[in-house]
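Okay, thanks for coming, everyone. I'd like to walk you through a structure, starting with the charged pairs and then moving on to how the helices meet. Let me put it up on the screen.

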Amino acid sequence: TYIHDTIMGILRAMYHLNGFDVLNIGGGGTSISLVELVGLLEQAVGRKAIIDWQPDQPGDVLLTSADLCRAADRIGYRPTISMSEGIHRYIRWYSQEGIAAKLVN
């Protein structure tokens, strides 16, 4: 979930709810695999990942997905930034901060 969507969800909850409620604030309704995520990261940074595959570890989560129906109904929450766009925005920000050079070197 891109930070902009998370902040918008929190702000919408602050201004639209009276009292207590439990809402999922997450990314869009599609999950992606770890392989797809690594591919998006490789694309964004322009480098091939060095992958050391390991067996599943105790506590590993096989699939995550937030049901956003309640948040959409109660506060009008709808994430707008795709995983790909969020990664590209993050890499661009990270690069502007001068941190990325330290990460990849």
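First, a bit of vocabulary: I'll call a residue buried when its relative accessible area is under 20%, exposed when it's over 50%, and partly exposed in between, using a 1.4 Å probe and protein chains only. Also, keep in mind that this is a predicted model, where local features need pLDDT of at least 70, side-chain atom pairs count only at pLDDT 80 or more, and totals for chains, interfaces and linings use all residues. Residues are numbered from 1 along each chain as its sequence is written, and side-chain values use heavy atoms, with hydrogens and water left out.

So, where do we begin? Let's take aspartate 21. Its relative accessibility is 18%, so it counts as buried. Aspartate 21 makes a salt bridge with arginine 70, and the closest N and O atoms there are 2.7 Å apart. By salt bridge I mean a side-chain nitrogen of Lys or Arg within 4 Å of a carboxyl oxygen of Asp or Glu. What does this pair link? Distant parts of the chain: aspartate 21 is in the loop between helix H1 (3–16) and helix H2 (34–45), while arginine 70 is in helix H3 (residues 69–75), 49 residues apart. The helices, by the way, are DSSP runs of H or I with at least four residues, numbered from the N terminus. Arginine 70 has 46% relative accessibility, so this one is partly exposed.

Now, aspartate 21 has another partner. Its side chain also meets that of arginine 74 in a salt bridge, at 2.6 Å from N to O. Here the loop between H1 and H2 is tied to helix H3, because aspartate 21 sits in that loop and arginine 74 in the helix, 53 residues apart in sequence. Arginine 74 is partly exposed, at 41% relative accessibility.

How many salt bridges are there in the whole structure? The search finds five. One of them joins glutamate 42 to lysine 48, with the closest N and O atoms 3.7 Å apart. And Asp21, Arg70 and Arg74 belong to one network, joined by salt bridges that share partners. Back to that glutamate–lysine pair: glutamate 42 is buried at 18%, whereas lysine 48 is exposed at 70%.

Staying with arginine 74 for a second, have a look at histidine 16, which is in helix H1. Setting aside neighbours within four places in sequence, histidine 16 is in contact with Arg74 and Ile75. Contact here means heavy atoms within 4.5 Å. Histidine 16 is partly exposed, at 44%. Its C-alpha is 35 Å from that of glutamate 36, and those two are 20 residues apart along the chain.

Last topic: helix packing. H2 packs with helix H4 (residues 83–96) at about 40 degrees, their axes 9 Å apart. Axes are lines fitted to C-alpha atoms, for helices over the stretch in contact, and angles run from 0 to 180 degrees between N-to-C directions. Which side chains should you click on? On H2 the contact involves Leu37, Leu40, Leu41, Gln43, Ala44 and Val45, and on H4 it involves Met83, Ser84, Ile87, His88 and Ile91.

That's my tour. Happy to take questions!

Methods. Helices (H or I, at least four residues) and strands (E, at least two) are DSSP runs, numbered from the N terminus.
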